[in-house]
Amino acid sequence: MGSVKAVVYEEYGGMPALADVPEPQCPEGGVVISVRATGVCRSDWHAWKGHDPVVLPHVPGHELAGVVGEVGPGVRDWQVGDRVTVPFVCGCGRCAWCESGEAQVCPDQTQPGFTGPGSFAERLAIHGADTNLVRLPDSVDFVTAASLGCRFATAFRAVTTHGRIGAGEWLAVHGCGGVGLSAVMIGVALGARVVAVDVNPAALERASSLGASAMVDARATTGVAAVVRDLTGGGAHVSIDAYGSPELAVASVRGLRRRGRHVQAGLLLGPRSTPPLPMDLVVSRELEIYGSHGMPARDYPAMISMIEAGALRPGDLVGQVIGLEEAGAALAAMDHLSPAGMTVVRV
Ligand SMILES: [Zn+2]
Ligand SMILES: [Zn+2]
């Protein structure tokens, strides 16, 4: 059996290093993808730290784009050579949720780089190809596409499907990392007025350059929600916790106007996973609360056509492009503040 190069860690917190791993086997109904680019994401860092348990040794990576290299029996829609990406939540392809296009909540879901080997590798297997693969037009390059799989797609679903943002409405974005800055760009493209909230002046500057109308430095106030309500004339129509913390989730809900919509896009992990949400306000102001867990493959074409039309430019959010041999160090460097912009590995 052949082998492929991949970034592997043997223990939580141990430096991930380039190694030879066994060639992935093409599953029935699935494909093997030759990875061309893969994003470095804080979710990978959480797994590496042991916050989100994985089987060791482990290959991280879940934001991938590449080319179909092998097609298993029973695949209907895909051929060798197709340019593709996949959502970070892959559905089983057989259950009622998958059949109705809601693979993001499939009870038998798999997540590359979490439930199995990920995309910090030359090749990886993806099952349920007809449910999970997303076709990439030639005009969308692999590095740009690698930034869609998790953060940008999550933000797109949060702002559009759940937030249903309209032109002229106020969108508050709490936490301006990868998901947050994506949400700012998407909100601006859809004609919303955006308030960006963060503790990092560089992140706020980035949000401003992407078209946010107002910036709130959360370190400079004890009442973020009140500041957001003032800036927006009574509260945001839609507000997103794009980072995932009890404080941000609560501030997001408190900063909404009546009938406003909170979307929890940031993952809440570990012992602080249950925010004390003000359900009294949810009732009296008739607020809507949504959880957003990635985006199913079915919903990608709407986003990809906005990218093709130039209305969305996710490539602008890519900070640095590195090689596979540098990917492990880039993951470990997330112990410190995230670098400006997304890091993408060219494989
Ligand atoms: Zn399923
Ligand atoms: Zn991610």
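**Close-ups of two zinc sites, a helix and some salt bridges**

**View 1. Four cysteines around the zinc ion (ligand 1).** Along the chain, the donors of the zinc ion (ligand 1) are spaced C-x2-C-x2-C-x7-C. This is a predicted model, and in it those donors are the SG atoms of C92, C95, C98 and C106, sitting at 2.3 to 2.4 Å from the metal. The arrangement is tetrahedral because the angles subtended by the four donor atoms run from 103 to 115°. For comparison, ideal angles for four tetrahedral donors are 109.5 degrees. Have a look at how the cysteines are tucked away: C92 is buried, with a relative accessible area of 6%. C95 counts as buried too, at 15% relative accessibility.

**View 2. A mixed set of donors around the zinc ion (ligand 2).** Here the metal is held by C41 (SG), H62 (NE2), E63 (OE) and C150 (SG), at 2.0 to 2.4 Å. The four donor atoms make angles of 88 to 120°, and the site is tetrahedral. In sequence, the donors of the zinc ion (ligand 2) read C-x20-H-E-x86-C. Within this set, E63 and C150 link distant parts of the chain, 87 residues apart: E63 comes from the loop between helix 1 (42-49) and strand 4 (64-71), while C150 belongs to helix 5 (residues 148-162). Both E63 and C150 are buried.

**View 3. E63 again, this time with R151.** Besides being a donor to the zinc ion (ligand 2), E63 forms a salt bridge with R151, and the closest N and O atoms are 2.6 Å apart. This is another link between distant parts of the chain, with R151 in helix 5 and E63 in the loop between helix 1 and strand 4, 88 residues apart. How accessible is E63? Its relative accessible area is 0%, so E63 is buried. R151 is buried as well, at 8%.

**View 4. R157 and D299, part of a salt-bridge network.** R157 pairs with D299 in a salt bridge, with 3.3 Å between the closest N and O atoms. The partners sit 142 residues apart: R157 is in helix 5, and D299 is in the loop between strand 13 (288-291) and helix 11 (300-308). Both R157 and D299 are buried. Zoom out a little and the pair turns up in a network of salt bridges that links E102, R157, R298 and D299. Over the whole structure, a search finds 15 salt bridges.

**View 5. R259 meets E286.** The side chains of R259 and E286 form a salt bridge, 3.3 Å from N to O. R259 lies in strand 12 (residues 256-264) and E286 in the loop between helix 10 (279-284) and strand 13, so the bridge ties together parts that are 27 residues apart in sequence. Buried or exposed? R259 falls in between: it is partly exposed, with a relative accessible area of 49%. E286 also counts as partly exposed, at 46% relative accessibility.

**View 6. The buried side of helix 8.** Which residues of helix 8 (residues 224-231) are buried? They are V224, A225 and V228. These three are on the same side of helix 8, because they cover an arc of only 100° around the axis. What covers them includes strand 8 (170-174), strand 9 (193-198) and helix 9 (246-254). Just after helix 8 comes G233, with a positive phi of about 65°.

Terms used:
Residues numbered from 1 in each chain as written. Chains lettered and ligands numbered in written order. Predicted model: local features only at pLDDT ≥ 70, side-chain atom pairs only at ≥ 80, totals over all residues. Heavy atoms only, no water. Donors = N, O, S within 2.8 Å, 3.2 Å for Na, K, Ca; no water. Tetrahedral: all angles 85-135°; square planar, octahedral: opposite > 155°, others 65-115°. Helix = DSSP H or I, 4+ residues; strand = E, 2+ residues; numbered from the N terminus. Buried < 20%, exposed > 50% of the residue type's maximum accessible area, 1.4 Å probe, protein only. Arc of directions from axis to C-beta. Contact = heavy atoms within 4.5 Å. Salt bridge = Lys/Arg side-chain N within 4 Å of Asp/Glu carboxyl O.
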